[in-house]
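Hi,

Here is the structure I said I would pass on. Have a look at it first, and then read my notes below.

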Amino acid sequence: MSRAVLSLGSNLGDRLGFLQLALDAVRPALVAVSSVYETKAWGVEDQPDFLNAVCLVDDPARDHWAWLRTGQAAEQAAGRVRELRWGPRTLDVDVVTVDGVTSEDPELLLPHPGTPDRASVLVPWVEIAPDAVLPGHGPIVELLKGRPADEVATVRRTDLALR
C-alpha cells in the first residue's frame, strides 16, 4: 500500500480550478481532501495570496517517486513556470510524506522539509487526519500547537469547495 499526503497550493489564475486539476490527477486514489484555505505567501511575500488544501491518497501501485511524478504532471498541466524559488505559481503539489519513507535525494526530500514550520500545511492536514504523525517530527497536532498563534490565524478557511 502507498499512502501519501500531498499539499496543494495556487496563487495565480484560476486558483480553485488548479487545485481541482491536482485532485483530478490523483483520482481514483483520493481518500480525503481538506477544506480550501487562503494564506499569505511564504518565502517571497510580495505576491498574491494562496489557496491551499491537503489531500490523502492511496494507491498500491505508486511509490514516493510515482507520487512526485504525478504532482509534477499536474503542475505542468496547469502551466506552472519555475522562475523564482517560492515565487508565484499556478499550481504547487508537494509530496509531504509517503508511508513513512525518508529520502535525502535533492529531487525528493521526505518528509517534505518545510512541513513542520508551515501552518498552511498543518492546519488542513489536521482537519482530515488529526492523528497523523510526520516521520522524524512527531504528531502533527503537536507541531501545529508549536506554531505561533498569529501565524496559525493567517490560515483562513474559505467557503470554496473541491470535489
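The buried residues of α2 pack against β1, α1, β4, β5 and β7. Keep in mind that this is a predicted model.

Which residues of α2 are buried? They are H64, W67, L68, T70, G71, A74 and E75. These cover an arc of only 160° around the axis, so they sit on the same side of α2. That fits a general rule: an α-helix has 3.6 residues a turn, so residues three or four places apart point the same way. On the face turned away from the buried side you'll find the exposed residues Q76 and A77.

You can check the length of α2 yourself. At 1.5 Å a residue, its 14 residues should span 20 Å, and the end C-alpha atoms are indeed 20 Å apart, which agrees.

Now the ends. D63 caps the N-terminal end of α2, with a side-chain oxygen 3.1 Å from the backbone nitrogen of W65. After α2 comes G79, which has a positive phi, near 75°.

Next, the core. The largest nonpolar core has 25 residues, and W67 is among those with the most contacts inside it, along with L6, L8, L19, V57, L91 and V95. At least two residues each come from β1 (3-10), α1 (15-26), β4 (50-58), α2 (64-77), β5 (92-98) and β7 (108-110). The most come from α1, which gives 5 residues.

Try clicking on L91: leaving aside neighbours within four places in sequence, its contacts include F18, L19, A22 and A74. There is also a second, separate core of 19 residues, with V5, V54, A129 and V155 among them.

Cheers

Methods:
Residues are numbered from 1 along each chain as its sequence is written. This is a predicted model: local features need pLDDT of at least 70, side-chain atom pairs count only at pLDDT 80 or more; totals for chains, interfaces and linings use all residues. Side-chain values use heavy atoms; hydrogens and water are left out. A nonpolar core is a set of buried Ala, Val, Leu, Ile, Met, Phe, Trp, Tyr and Cys residues joined through side-chain atoms within 4.5 Å. Buried means under 20% relative accessible area, exposed over 50%, partly exposed in between (1.4 Å probe, protein chains only). Helices (H or I, at least four residues) and strands (E, at least two) are DSSP runs, numbered from the N terminus. Contact means heavy atoms within 4.5 Å. The expected span of a helix is 1.5 Å times one less than its number of residues. The arc is that of the directions from the helix axis to the C-beta atoms. A polar contact is a pair of N or O atoms within 3.5 Å; within protein, one must be able to donate a hydrogen and the other to accept it, and residues adjacent in sequence count only if both atoms are side-chain atoms.
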